[in-house]
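Here are my notes on this one, jotted down as I went through the model. Have a look at the structure first, then see whether you read it the way I do.

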Amino acid sequence: MANFVLNAAAREEAVQGKGSSRRLRLQAKVPAIIYGGEAAPVAVTLELRQLVKFLENNSFFEEVIEIDVDGKVESVKIQALQRHPAKNTPMHADFKRA
């Protein structure tokens with residue numbers, strides 16, 4: 001059982017790219033991707049507030065995380081995290097299926 005459960009919403013191809021990601025960040029959301037394993041990569045959107053809360057705990061980077069993508073739960077580990085250079089807020093996250 002994972003200690004961390006993130007709620008996410010899947011993004012369509014029309015809502016991907018630089019402009020769409022900027023609009024998401026203005027709404028206090030973080031674009032992310034889940035990849036690896038047999039399944040196809042899934043682009044998702046995370047809540048900034050929830051992600052920042054989990055990032056304060058160092059075990060978030062070591063343990064398996066569960067991401068609830070529109071009712072389907074994915075077990076993942078964080079692979080990469082991009083932060084804003086001045087504000088230090090998360091800008092994008094990569095998750096790899098465990």
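1. Let me start with a pair that caught my eye: Glu74 and Arg97 are both buried. Keep in mind that we are looking at a predicted model. For Arg97 the relative accessibility is 16%, so it counts as buried, the cut-off being under 20%. Glu74 comes out at 10% and therefore falls in the buried class as well.

2. What do these two do with their charges? Glu74 and Arg97 form a salt bridge, with 2.9 Å between the closest N and O atoms. Glu74 sits in strand β5 and Arg97 in strand β6, so this pair ties together parts of the chain that are 23 residues apart in sequence.

3. Glu74 has a second partner: it also makes a salt bridge with Lys72, where the closest N and O atoms are 3.7 Å apart. Put together, Lys72, Glu74 and Arg97 are linked in a network of salt bridges.

4. Now the surroundings of Arg97, which belongs to strand β6 (residues 90-97). Its side chain reaches the backbone oxygen of Ala40 at 3.0 Å. Setting aside neighbours within four places in sequence, the contacts of Arg97 are Ile34, Tyr35, Gly36, Ala39, Ala40, Val42, Glu74, Ser75 and Val76. So if you want to inspect the environment of this buried arginine, which counts as buried at 16% relative accessibility, that is the list to click through.

5. How many salt bridges are there in the structure? The count is three. Outside the network there is Lys29 with Glu47, whose closest N and O atoms are 3.5 Å apart. Lys29 lies in strand β2 and Glu47 in strand β3, so this pair ties together parts 18 residues apart in sequence.

6. Is the Lys29 side of that pair buried or partly exposed? At 26% relative accessibility, Lys29 counts as partly exposed. Glu47, at 38%, is likewise partly exposed. Compare that with Glu74 and Arg97, which are both buried.

7. On to the fold. Six strands make a closed barrel, running β1-β3-β2-β6-β5-β4, and the pairing is mixed. From one strand to the next the twist averages 45°. Helix α1 (residues 18-26) packs on the sheet and touches β2 (29-35), β3 (42-47) and β6; the direction of the helix makes about 125° with that of β2.

8. Strands β4 (residues 65-69) and β5 (residues 72-83) pair in the antiparallel sense over five bridges. To get the register, note that Ile67 stands opposite Glu74 in β5, and that Ile65 stands opposite Val76 in β5. The hairpin of β4 and β5 has two residues between the strands, and there Asp70 takes a positive phi near 50°.

9. The β5 and β6 pairing is antiparallel too, this time over seven bridges. Gln82 has His92 in β6 as its bridge partner. This hairpin has six residues between the strands, with Asn88 taking a positive phi near 65°. If you are checking backbone angles, Asp70 in the hairpin of β4 and β5 and Asn88 in the hairpin of β5 and β6 are the residues I would bring up.

10. A word on Val5, which lies in strand β1 (residues 5-10). With 34% relative accessibility, Val5 counts as partly exposed. Beyond its neighbours within four places in sequence, Val5 is in contact with Gln50, Phe54 and Glu66. The C-alpha atoms of Val5 and Val69 are separated by 11 Å, although these residues are 64 apart along the chain.

11. Finally, the annotation. An unreviewed UniProt entry carries "domain: Large ribosomal subunit protein bL25 L25" over residues 6-95. Across residues 6-95 the chain is 19% helix and 46% strand, and the end C-alpha atoms are 12 Å apart.

Note on methods:
Residues are numbered from 1 along each chain as its sequence is written. This is a predicted model: local features need pLDDT of at least 70, side-chain atom pairs count only at pLDDT 80 or more; totals for chains, interfaces and linings use all residues. Side-chain values use heavy atoms; hydrogens and water are left out. Helices (H or I, at least four residues) and strands (E, at least two) are DSSP runs, numbered from the N terminus. Buried means under 20% relative accessible area, exposed over 50%, partly exposed in between (1.4 Å probe, protein chains only). A polar contact is a pair of N or O atoms within 3.5 Å; within protein, one must be able to donate a hydrogen and the other to accept it, and residues adjacent in sequence count only if both atoms are side-chain atoms. Contact means heavy atoms within 4.5 Å. Two strands pair if DSSP finds at least two bridges between them. Axes are lines fitted to C-alpha atoms, for helices over the stretch in contact, and angles run from 0 to 180 degrees between N-to-C directions. UniProt positions are given in the numbering used here, feature names are shortened, and annotations may be inferred rather than shown by experiment. A salt bridge is a side-chain nitrogen of Lys or Arg within 4 Å of a carboxyl oxygen of Asp or Glu.
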